[in-house]
Amino acid sequence: MPNNSSTQSKNKKKTKKRKKSGSSSNWERLRSKIAPSSSSRKKKKRKTTTTTSTTVQREGNDADDLVKILRDFPQFEDQDKIFALDCEMVGLGHEDKSILARATLVDFKGDVVFDKHVRPPKGADVINYRTHVSGIRPKDIKWNSNALDFKTAQNEVAKIIENCIVVGHSLKNDFHALMLTHPPHLTRDTARFKPLLRARKQGSFKVKHRPQKLKKLTKEILGVEIQEGEHDSADDARAALALYYKFRKEWEIHFRKRYRKKFRR
């Protein structure tokens, strides 16, 4: 026969335990409504940190992404006679006149073959380094730095691109900064090729085609982000080259028709 006193004490313990757990769970529910637990805040913070580090890593791999894209395109004849050019400029004097501060050439694979800072003429007053875009700082183009004088840079670039196809974006500005000319039938400018232009309606019938930004074209067509902050002239040159490869067949057909006599030679 069971002991009544022991049974009663057990029942009291169970009742007490149920009351304790019930009040505890109610309090937890109430507290969660008033303020989220610190553990959930920590988890959220960790998640944000992970996302940020991934973004930084992706942005740091732009050059690798572009080189991979370039090397995935099929090879073709005379490909080694193709170079991509991009220049960075600074502002001279109160008129903020653009002068060359960096010139970069990459070959058909996207490898850098020339990348030099260029110092301004002696006594020239550089008032705008345009660092937020150009990435140029005063120390880069000082006379006691490793920067080349303009004439040396001009001659070296001219020697590399002689009789070769030059690819770039708004090449007119780059050649102007280098004070060089290049044969039109050997120039491939992604800011002038019609399929890469933006069509805008003018009036009732006229449609005007305008250049698009290299950043926008690279993102939409190649799926790669460039020019996040200061520009990298090597990446800009690679991006233009990849866009040329993407449209190369159509582009070359157009140029062979346009410069028929030049291609017969």
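This briefing describes the nonpolar cores and the aromatic contacts of the structure above. The model is predicted, so local features need pLDDT of at least 70 and side-chain atom pairs count only at pLDDT 80 or more, whereas totals for chains, interfaces and linings use all residues. Residues are numbered from 1 along each chain as its sequence is written, and side-chain values use heavy atoms, with hydrogens and water left out.

**Nonpolar cores**

- The largest nonpolar core (buried Ala, Val, Leu, Ile, Met, Phe, Trp, Tyr and Cys residues joined through side-chain atoms within 4.5 Å) has 30 residues, and those with the most contacts inside it include Y244, Y245 and W251.
- Its largest share, eight residues, comes from helix 8, where a helix is a DSSP run of H or I with at least four residues, a strand is a run of E with at least two, and both are numbered from the N terminus.
- Apart from this core lies another, of 20 residues, with L85 and F114 among them.

**Aromatic pairs**

- The structure holds seven aromatic pairs, meaning rings of Phe, Tyr and Trp (its six-membered ring) with centres within 6.5 Å, counted as stacked if the planes are under 30 degrees apart, edge-to-face if over 60 and tilted for the rest.
- F73 and Y245 pair edge-to-face, at 5.6 Å centre to centre and 65 degrees between the planes; F73 lies in the loop between helix 3 and strand 1, and Y245 in helix 8, 172 residues apart.
- Y245 counts as buried because its relative accessibility is 6%, the cut-offs being under 20% relative accessible area for buried, over 50% for exposed and partly exposed in between (1.4 Å probe, protein chains only).
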